[in-house]
Amino acid sequence: MAVGSSNSFDVVVLGAGTGGYAAAFRAAQLGLKVALVDEDKIGGTCLHRGCIPTKALLESAALLDRVRHAKDFGIALEGVPVVDYAAIARRRDQVVKRMWTGLKSLVDKNGVTWIAGRGRLEGPTRLRVNQPGEDGTPGAGGERLLEATDVILATGSRAKSLPGLVPDGTRIVTSDDCLREDTLPGSIIVVGAGAVGVEFASLYHDLGVTVTLLEYLPRIVPLEDEEVSAQLQKSFTRRGIAVMTNARFDPGAVKAAKDGVSVVVGPEGGEAKELTADRMLVATGRAANIEEIGLATTKAEVEKGVIKVDPHMRTRDAHLYAIGDIVGGLWLAHTAAHEGIIAAHTIAGDPDVHGMDYDAQPRATYCRPEIASIGLTEAQCRDRDIPFKTGRMPFQAVAKAVIGGEYEGFCKVIAHAETGDTLGVHIIGPHATDLVAEASVAFTLEAAAWEIAAATHPHPTLSEAVGEAAMAVDGRSINI
């Protein structure tokens with residue numbers, strides 16, 4: 001336990017995003033004296049410029065789609081639904097503010113010292129913080145030198161673009177820009193069909209925007225199972241979203257003008273054509289925030305733009321840890337929180353703390369239909385020479401999905417062909433991001449597919465899709 005001045009701590013966490021505050025709160029709960037440092041609001045990208053505002057927009061878009069299908073449920077609504085995007089944006093901001101208010105209260109509740117300012121390492125266990133003035137001017141509040149037994153870096157990431165393609169915040173934008181807007185474009189080109197790209201493509205289309213989705217690789221959501229990618233592309237195309245895979249264009253040749261943006265795109269080896277839209281969203285990934293945080297004063301090693309750590313999130317300096325987007329991994333908020341908790345328990349000397357296993361981390365994408373997965377895909381099993389078998393359950397055979405009017409997609413369970421161990425669970429369909437929690441528990445408990453199937457799944461619920469898919473691994477089923 002740290003003693004001495006108010007600038008001495010057991011743990012100092014630099015960065016107050018999901019990973020940073022999770023690490024700080026857990027370390028404090030374990031009895032350590034903790035400081036949490038950030039020049040921005042607690043909550044980081046996820047709360048203020050990422051997960052939460054995006055999902056608030058997606059919720060409004062999903063409700064609009066449901067209203068449009070009210071007649072299917074015997075509900076007659078007069079007239080055409082009107083989209084008031086300014087009101088949707090206000091609700092988005094209200095959701096963020098409410099969550100931020102609650103999060104701020106947890107700092108004091110957990111006994112964590114909040115220090116506002118920009119921090120920079122001066123060695124692995126010393127941090128100099130430039131504090132803002134009373135009016136918020138950066139650095140005007142003087143400096144504060146913090147000393148700690150251990151430091152956790154959690155400085156997150158930022159949206160990045162393609163070489164030669166510079167977002168201007170108006171015609172060529174990032175997801176950050178989109179989440180500040182209170183008006184909708186009439187049309188948009190979305191570059192990149194990973195999680196961010198497909199979420200924005202989905203919500204914009206549901207809100208009445210004409211959407212073209214471009215992906216450089218042969219399939220959209222390329223990190224997901226191939227069947228999931230195919231199902232999502234089929235769904236998007238059916239809804240009227242123009243999807244182009246193997247899309248090739250010169251980023252430096254994108255033309256932004258007062259009235260819109262244009263780009264010449266062609267499939268690999270195919271005929272190119274010019275696309276025009278009011279706006280272009282660049283959703284081509286993120287870059288780790290590792291510059292200007294003093295890494296050169298430590299032994300921490302950087303490789304391919306991220307900090308190298310061991311399974312307990314420790315860098316090459318024994319008392320310097322790194323978590324979240326700056327270490328690569330899955331670039332997901334809940335994964336960053338898990339990494340932070342591992343680091344906190346390791347620092348506290350917990351002998352039972354496990355190492356980080358990214359194969360056991362769930363992944364969630366909130367487009368319509370939703371996607372969620374955990375573990376290995378079929379392709380990864382083949383690449384690793386793992387013998388496997390699969391079970392599959394379509395949502396159109398699940399009563400609750402049919403009742404709800406959303407029955408696109410399926411649940412797939414992949415198991416080891418010899419041991420029966422669960423290797424992967426892949427879901428595309430209604431509430432997939434909620435259903436994957438069962439699979440996450442199964443991975444934690446190292447459950448075999450038959451054990452997932454043996455658990456009673458209430459009827460009628462969407463959870464039956466998971467149980468039936470697990471049962472189908474061995475060729476058994478109730479519904480099909």
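This is a short talk on the two five-strand sheets of a predicted model, with a few residues around them.

Hi everyone, thanks for coming. Please keep in mind throughout that what we have on screen is a predicted model.

Let me start with the parallel sheet. It is an open sheet of five strands, paired in parallel, and the order across it is E8-E16-E9-E10-E11. At the edges sit strand E8, residues 172-173, and strand E11, residues 242-244, and each of these pairs on one side only. Further in, strand E9, residues 187-191, is joined to E10 by five bridges, with the two strands running parallel. If you want one pair to click on, take Val191, whose bridge partner in E10 is Leu214.

How many of the five residues of strand E10 are buried? Four of them are, so E10, residues 210-214, is largely enclosed by the rest of the structure. Helix H6, residues 195-206, lies across E9, E10 and E16, and runs at about 165 degrees to E10.

Now stay in that area and find Ala283. You will see Ala283 in the loop between strand E16, residues 279-282, and strand E17, residues 286-288. Is Ala283 buried or exposed? Its relative accessible area is 13%, and the cut-off for buried is under 20%, so Ala283 counts as buried. What does Ala283 touch, once we leave aside neighbours within four places in sequence? The contacts are Val191, Gly192, Val196 and Gly197. Val191 is the residue we just saw bridged to Leu214. As for Leu214 itself, the C-alpha atoms of Ala283 and Leu214 are separated by 9.9 Å, although the two residues are 69 apart along the chain.

On to the other sheet. Here, too, five strands form an open sheet, but the pairing is antiparallel and the order is E21-E22-E25-E24-E23. Strand E21, residues 363-365, and strand E23, residues 388-394, stand at the edges with a single partner strand each, so one side of each has no neighbour in the sheet. From one strand to the next, the twist averages 10 degrees.

Let me zoom in on the E23 edge. Seven bridges join E23 to strand E24, residues 410-416, and the two run antiparallel. Within that pair, Met393 has Cys411 in E24 as its bridge partner. As a general reminder, strands of a sheet pair through backbone hydrogen bonds, either parallel or antiparallel. This sheet has a helix across it as well: H13, residues 464-472, lies across E23, E24 and strand E25, residues 422-429, at about 145 degrees to E23.

Next, some backbone geometry, since I know you like torsions. Where are the cis bonds I want to show you? One is the peptide bond from Arg368 to Pro369, with omega near 0 degrees. Pro369 is in the loop between E21 and strand E22, residues 370-375. Another is the bond from His459 to Pro460, with omega near -5 degrees, and Pro460 is found in the loop between helix H12, residues 449-454, and H13.

There are positive phi values to look at, too. Lys304, which is not a glycine, has phi near 55 degrees. Lys304 sits in the loop between strand E18, residues 302-303, and strand E19, residues 306-307, and at 82% relative accessibility it counts as exposed. His431 also has a positive phi, near 55 degrees. His431 is in the loop between E25 and helix H11, residues 432-444, and is partly exposed, with a relative accessible area of 46%.

Another histidine to look up is His345, in helix H8, residues 333-347. At 15% relative accessibility, His345 counts as buried. Beyond its neighbours within four places in sequence, His345 is in contact with Arg26, Leu30, Asp350 and Val353.

Let me finish at the surface. Which residues form the nonpolar patch there? They are Leu63, Val67, Phe73, Ile75 and Leu77, and together they have about 450 Å² of accessible area. Leu63 is in helix H3, residues 51-68, and counts as exposed at 53% relative accessibility. For contrast, turn to Phe9 in strand E1, residues 8-14: at 2% relative accessibility, Phe9 counts as buried. Phe9 and Val34 are 25 residues apart in sequence and 5.8 Å apart in space, C-alpha to C-alpha.

That's my tour. Thanks for listening!

How values were computed: Residues are numbered from 1 along each chain as its sequence is written. This is a predicted model: local features need pLDDT of at least 70, side-chain atom pairs count only at pLDDT 80 or more; totals for chains, interfaces and linings use all residues. Side-chain values use heavy atoms; hydrogens and water are left out. Patches are made of residues with over 30% relative accessible area and no salt bridge: like charges are joined within 9 Å, nonpolar side chains (Val, Leu, Ile, Met, Phe, Trp, Tyr) within 5 Å. Accessible areas come from the Shrake-Rupley method with a 1.4 Å probe; for residues, only the protein chains shown count as cover. A salt bridge is a side-chain nitrogen of Lys or Arg within 4 Å of a carboxyl oxygen of Asp or Glu. Helices (H or I, at least four residues) and strands (E, at least two) are DSSP runs, numbered from the N terminus. Buried means under 20% relative accessible area, exposed over 50%, partly exposed in between (1.4 Å probe, protein chains only). Two strands pair if DSSP finds at least two bridges between them. Axes are lines fitted to C-alpha atoms, for helices over the stretch in contact, and angles run from 0 to 180 degrees between N-to-C directions. Contact means heavy atoms within 4.5 Å.
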